[in-house]
Structures are given as C-alpha cells and as structure tokens.
Amino acid sequence: MLSTRITNARFLTMDPARPTARELGVWQGRVVGLDEDVAGLPARRTVDLDGAVVLPGFIDSHVHLTWTGLKAKAPGVAPSRRADDVLRTVAEATAQAPAGGWVDFGGYDQRTLDRPLTAADLDAVSAGRKVYLGHISGHACLVNSAVLKDLPADAARPDGFLVEGAMGVALRSRPPYSLAELAAAIEHAARVCRSEGVTACAEAGVGGRLIGRSPVEAAAYQLAHESGRLPLRVQLMVAADALRPVTTAPQDTTSRALDLGLRTGFGDGRLSLGALKVFTDGGMMARTAALTRPYLGTDTSGQLQDGIEALESTIVAGHLAGWQLAVHAIGDRAVDVALDALEKAQKLGPRPAARHRIEHAGLVRPDQLPRLARLGVTVVVQPSFLREYGDDYATVMGEDRADWLYRGRGFLEHGVRVAGSSDRPVADGAPLRAIQFMVERTSHSGRAIGPGEALTVTEALHAYTTEAAHACHWEKDAGSLSPGKRADLVILADDPHRVEASRIGDIEVVGTFLEGDETY
C-alpha cells in the first residue's frame, strides 16, 4: 500500500528517462513509481493537486542559514542612500541596548551612500555601546572605537572599515551566541527557504574565522534537528581553518583533520557533513575579490586570503585527506590559484570522483573554461548576484570583462557542470528569481549582462535540481522525481517553461513536500 498518492498534477521529473507524469506514488518517504506503475495500488491518502506543476524540491547548494536568521532579527541599515539615515538607525537601536553592550546591524554598503561612514561617525551616536555594521557582502564590516580598542593593532584600522581577516577578528571579539539563539536563527532561515521551494541546502562553512557564527555552530544544527525545527535537509560544509594538524600513520595521507577525523559523507538523512570550504579571496562588493587586472576606476585588484603557497597547501592537504573541496574563488586571479592547487592535488593523489567545487566563479576568463572542464570541477554560481548587483559588477569590470561574470552558457559548452545557489543572505534566495536571471541575464534595472551566457529554462532548472544534487553527492537520493529517490517536491502555480521569462520569478510556490509529507 502507498503511503501517499499525489495525483492530477503536471510532474516535471527532471529525469530524461521519463520527463513528465500525471501521478506519483510515495512509500516510506520515497518515490515508488509514476502513472501506470502506481495506478492500481491502494493508498492511505490521496492528494489531488488540481493541475498544479510539480518539480523536484529545489536544492540551494550554497547558503548561510545561521547568518541569514541572525541578520533577519538584527536591525538593518539597508536600503539607505544617506549616511545620516544609517546613523539615525544606529542611534535608535543602541539607545535600547544595555550599557556597554554589543549591537549588531546588517546591510551596510558603503557604495550606495552619499559619503562613507567611519568609526568616529558611529562613536557620535552609539552612546558607548559596541557597534558592528555587517557589510552586505559578508566580507567587510564597519565598527566603532569601542570595538577597535579591543582588537590587535594589525587588525584595527582607525576608520573602522575592516575587511576579510580583520573583519573576522572583530567578529570573534563579539560575545558568543547561545545554542538556543543559533538554533532559532537556523529554523527561521530554513522556513523561509521552504517557502521558496527549497527542500535541501548546503551550509557553506561552519567553524571558520570569516563566516562562522560560533565554534559550536554545528551543535546548533544538531539541536535544531533533534528538536524538530529543521524543516530542510542540510549538508554542513566545514571551514578549512577549523581543521588542525594531526599525526597519522605513514601510509595515511591525512595531515589536517577535525578532532574526531570526520570528513565528507558523515551523517545521513536530514543532517550530514559535506565539503571542506576553502577561501582563496574576498568579495566583489567589498572590492576584495582577487582579479588579474584592477577594478575599473581604482588601483586595487582585490586580495588573496593568504599567500599562494599556504592556500595551495590547504587545498592539497584537504584533497589528500579525502575531502570534497568547495573552494571560494570569485575573481579570475583566485580561480587561477584554485585551479593550480586542484591540479597539483590530483597529480599527487588522483581522485577522479572527488567532485571538487569552485564556489562563485564570479569572473572567469575564456582560457580558464577548458581548465575547469579538464579538472572535472563543478562551479556553484549565484545568479541573483547579477540580478541584484549586476549594474555595479558590470561597471567595475568594464565592457571587456562584463561578459565573463557568473557565466552559464560558456560553462556548459565546455562541459563544466553548473549548480545553482543563492549565498543567502548576501542576495535574494528565491530559486525561481535566480532561474529567471539565468534565462534573461538582465539586472533589476534592465541592463543586459553577458546575454550570450543565457541558459534555457530546462538548463536553469537542472542547475537547481539534478546538478545541485550532484554537487552535494545526493544524486542517488534527490534532484529528480525518479523511483527510489526521496519524495522531496515543490508545487508551483505555473510551469516555468510556459510563462514569459520575465514572469518566472513571480510564479507562486504553492507548497513543498519533504519525503512525501506536506509540511509547508
């Protein structure tokens, strides 16, 4: 007997062996069969979807749920165009904080203001509280003097605008969040994901100095899972700086590990361990993504997170220890560093099935495309970056580089696998809006950015289903509505193939099923 029969729907299975169906059967959380395969089987319940469109649940292969949830509860300073408006928000929030307390803000973006703010500006309105304005990119912050005085001299810039490692030092000086606070933040963000059709995601780094919100952040995920507050399937990437040197037997190749020696693949079901996250550069909004040529109109080419030898050592050690690697590389110079290190790692210890990933691949030169293909690297892109920030990105790259931004067609034509993601909360997390951009290649303002990189609707949907599943080693269980796979589904009010491209992002998400249970 089926546990659930879902009928009267247009199933877009993403499985080339059976692209469409009208009926689907579920037993013990798995797809039993479609149409005639389940037509005569009794079912405990039948769900009639009245002609709705059903796809495999979207997989967001690069998110920051904890950060998203914490940011949602913190006062925000975006969107702002005037520095005085930001300072007014800071003054109002800090006035309600305990004396000497720490106050977090989200959404700071110096590019949009009539003048950049400084620590002195914050000092004038913070009444002695410690103020941390997180940059929208996640790669910078603005802090006041009360925070600066507790930082090492090499991290404390007088103007209070800290980037990359210095930002990480400031973030670690914050009083720790409790596990209850972190679990609540995770639950909030996960529920937003579900409302947008996401049924599984990869948390892009726990335990790291740049993105970690707590040294015990993984425990908060476990708490959320055990208490029934994790309405998604989540894979945790581990930040590379959470590993420490270890001494192992001479025949083993692990030189760095978590204290328990765990690696990619540990766990099952709703919560498991994923890739090792390695940062090579910064972010484009903070102008710290590492480029081979400067940002247009500036004398900066961004920065690497460490020396090339150190970055290479981390990547090679992670590969030899058996990890899947998720290498953050936004600028083309950083992509060079990542590819050189991955190539060396594969020569030292061939692992053709490692499925290493490059996260972002924000600016990729034409000569880098064949190298990505030869190494079998999956690129995990964030289309909504260009939808929301593309005007700025295209401007600072200039006409000769704008077409290289967050590619689509160029990757596929060279045989490079493309997985979709959001990097929420840096950009809008809704997969349908990202899919719309992948098809249109048009920013909010209507500016065309790399129109030759446009994908078809089907290709874009694959990026958020089958390809995202493959990037997370989930292809045996998720990504398509095929017999034996988990019954993780998203129900849409319309078919992305049948509406105007400009309307894809506005399609209503009617509901989601996780293992056959409709909980949203």
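Trainee: What share of the contacts between residues at least 6 apart in sequence join residues at least 24 apart?
Mentor: This is a predicted model. Take the contacts in the protein between residues at least 6 apart in sequence. Those joining residues at least 24 apart come to 74%.

Trainee: How many helices and strands does the protein have?
Mentor: Both kinds of element are present in the protein. The count is 16 helices and 25 strands.

Trainee: Which radius of gyration does the protein have, and why does it agree with a compact globule?
Mentor: The protein has 520 residues. A compact globule with that many residues would have a radius near 24 Å, so the value for the protein agrees. Along the principal axes, the C-alpha atoms fill a box of roughly 75 × 55 × 50 Å. The radius of gyration is 23 Å.

Trainee: How far apart do the centres of the positive and negative side chains lie?
Mentor: There are 56 positive side chains and 65 negative ones. Each set has its own centre. The two centres lie 2 Å apart.

Trainee: Is Val 335 buried or exposed?
Mentor: Val 335 sits in helix α9, which covers residues 332–348. Its relative accessible area is 1%. The cut-off for burial is under 20%, so Val 335 is buried.

Trainee: Which residue, 29 residues apart from Val 335 along the chain, has its C-alpha atom 7.3 Å away?
Mentor: Leave aside the neighbours of Val 335 within four places in sequence. Its contacts are then Ala 329, Leu 363, Val 364 and Gln 368. The one with the 7.3 Å C-alpha separation is Val 364.

Conventions: Residues are numbered from 1 along each chain as its sequence is written. This is a predicted model: local features need pLDDT of at least 70, side-chain atom pairs count only at pLDDT 80 or more; totals for chains, interfaces and linings use all residues. Side-chain values use heavy atoms; hydrogens and water are left out. Helices (H or I, at least four residues) and strands (E, at least two) are DSSP runs, numbered from the N terminus. The radius of gyration is taken over C-alpha atoms; the globule rule is 2.2 Å times the number of residues to the power 0.38. Contact means heavy atoms within 4.5 Å. Lys and Arg count as positive and Asp and Glu as negative; His and the chain ends are not counted. The place of a charge is taken as NZ of Lys, CZ of Arg, CG of Asp or CD of Glu. Buried means under 20% relative accessible area, exposed over 50%, partly exposed in between (1.4 Å probe, protein chains only).
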